[in-house]
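Trainee: May I request a close look at a single part of this structure, namely the surroundings of the ligand? A connected account, suitable for someone new to the structure, would be appreciated.

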Amino acid sequence: MNHPCYICGLGSCIPPRVMTNHDLEKLVETSDEWITTRTGIKERHVLEDGVNASDCGAEAARAALEEAGVLPEEVTHVFVATCTPDYLCPSTACVIASKLGISAADGRKGNVMCLDFNAACTGFVYGLELARNTVQSHPDAVVLLVATEALSRRTNFTDRTTCVLFGDAAGAVVIRSEEKGALWQLRDVVCSSDGSLHDLIKIGGGSACRIKEGDAVGADWFISMQGMAVFKHAVRSMTEESQTILARNGISLDELDLFIPHQANLRIIKAVGERLGIDENKVFANVQHYGNTSAATLPVAMEDARRSGALRPGMKVLLTSFGGGMTWGSALLA
Ligand code: UT7
């Protein structure tokens, strides 16, 4: 039997330090006008030195757990979507579990599974699928899904083609099979990928990067991207995946209350909205304030939409995303 699963807590964390387009004008040959026209971005937030993806993720998670009324010792799974983990080892999930007192909580009865995974900007949607499958096979599971990114740590602030695009943030949700007090039912998730396109967006520093102690890191340590190719793929994949999930659930565009696409570029968001033919008032965007925060964009956008009144519990919501890999996917909440 398939157990329904529900989102019962949502939280986000935005680092207080702001970097505006005018700040970037001082670092590279760019302009507020170029960045605004080509991307819609006006500012992004960056982590202070000494504050890491796990700190921001833990703060978002605390808010989600509090809303769900879930104690640390009740969490059974910590899944962390990130392409900028604190370390290659240990997992950021283990670090967050430690910071929240999940792993070592007094009174803990069962085991806790902690797992990082990397689907780049599609991480949150992939994480919803992981959470959904976990709850379906373990109906007592209480899954904490965190999406956290410290992209400023891998941004090359001498490369104007990428440094204007990214920012840091985190979002989190609590997912379980209990309907009481739920915000949304997780109705369906679709996840896709095309590994033959893995060269389009890269962040080095894995084991393919051969450096020894004392070496300076090269440009491949930082984010690199073939912008226009990614742009075209993003528009096509998010449009098609959205159509797929709506069709297989028999939901029309008119029935949707809100469409929250990955926040990478306002032009991409508008193009997807137009191709789908969705009322522009139902398309949520906050990329102007944060830039692209990769896996974190969707839960951060959900929280902002909720605070603005655009998103309320029980609404029919379509989420869609794309990212490095290439990966892409969509989720339906109701
Ligand atoms: O989550 C996945 C992450 N990635 C994305 O979502 C990115 C998808 N791609 C994009 O958003 C867009 O392709 C960009 C915003 C990255 C670039 O916009 P574009 O309209 O594709 O510009 P372009 O790359 O074709 O560059 C146009 C011009 C070039 O100059 P020339 O060759 O025409 O003289 C660039 O060198 O703009 C120049 N340029 C800049 N100028 C001022 C590139 N970056 C900048 C900059 N400031 N920051």
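The surroundings of the ligand

Mentor: In this predicted model, a polar atom in the side chain of N265 is placed 2.7 Å from an oxygen atom of the ligand. The side chain of N292 likewise has a polar atom, at 2.9 Å from a ligand oxygen. In the side chain of H262, an N or O atom is 3.1 Å from an oxygen atom of the ligand. The ligand, taken alone, exposes 950 Å², and the protein buries 73% of that area.

Let us widen the view from these contacts to the whole shell. It comprises 23 residues around the ligand, and those that come nearest are T30, R38, R160, N265 and N292. By class, 12 of the shell residues are nonpolar, seven are polar and four are charged.

The helices may be considered next. At least two shell residues are supplied by each of α2 (32–39), α6 (160–163), α7 (227–248) and α8 (266–276). Of these, α7 gives the most, contributing four residues. The position of the ligand can also be described in terms of domains. Residues of the shell come from both domain 1 (6–183) and domain 2 (186–333), so the ligand lies between the two.

A separate feature, the second largest pocket, also deserves attention. Its space amounts to about 210 Å³. Its lining consists of L266, I269, K270, G273, E274, I278, E280, V283 and A285. Sorted by class, the lining holds five nonpolar residues, one polar residue and three charged residues.

Some points of the backbone complete the account. Most peptide bonds are trans, and most residues other than glycine have a negative phi. Against that background, the bond joining C89 and P90 is cis, with omega of about 5 degrees. P90 belongs to the loop between β4 (77–81) and α4 (92–100). Another cis peptide bond joins G325 and M326, where omega is about -15 degrees. M326 is placed in the loop that runs between β12 (317–323) and β13 (327–333). Finally, A120, a residue other than glycine, has a positive phi near 50 degrees. A120 is found in the loop between β5 (113–117) and α5 (123–137).

To return to the part you asked about, the ligand lies between domain 1 and domain 2 because both give residues to its shell, and N265 and N292 are among the residues that come nearest to it.

Methods:
Residues are numbered from 1 along each chain as its sequence is written. This is a predicted model: local features need pLDDT of at least 70, side-chain atom pairs count only at pLDDT 80 or more; totals for chains, interfaces and linings use all residues. Side-chain values use heavy atoms; hydrogens and water are left out. A residue is near a molecule or strand if one of its heavy atoms lies within 4 Å of it. A polar contact is a pair of N or O atoms within 3.5 Å; within protein, one must be able to donate a hydrogen and the other to accept it, and residues adjacent in sequence count only if both atoms are side-chain atoms. Accessible areas come from the Shrake-Rupley method with a 1.4 Å probe; for residues, only the protein chains shown count as cover. Ala, Val, Leu, Ile, Met, Phe, Trp, Tyr, Cys and Pro count as nonpolar, Asp, Glu, Lys and Arg as charged, and the others, Gly among them, as polar. Domain bounds come from an automatic or database domain assignment. On a 1 Å grid over the protein atoms alone, a cavity is a set of points where a 1.4 Å probe fits but cannot get out, and a pocket is an open set with protein on both sides within 12 Å along at least five of seven lines; lining residues have an atom within 4 Å of a point. Grid points are joined across faces, edges and corners, and a volume is the space filled by probe spheres set on the points.
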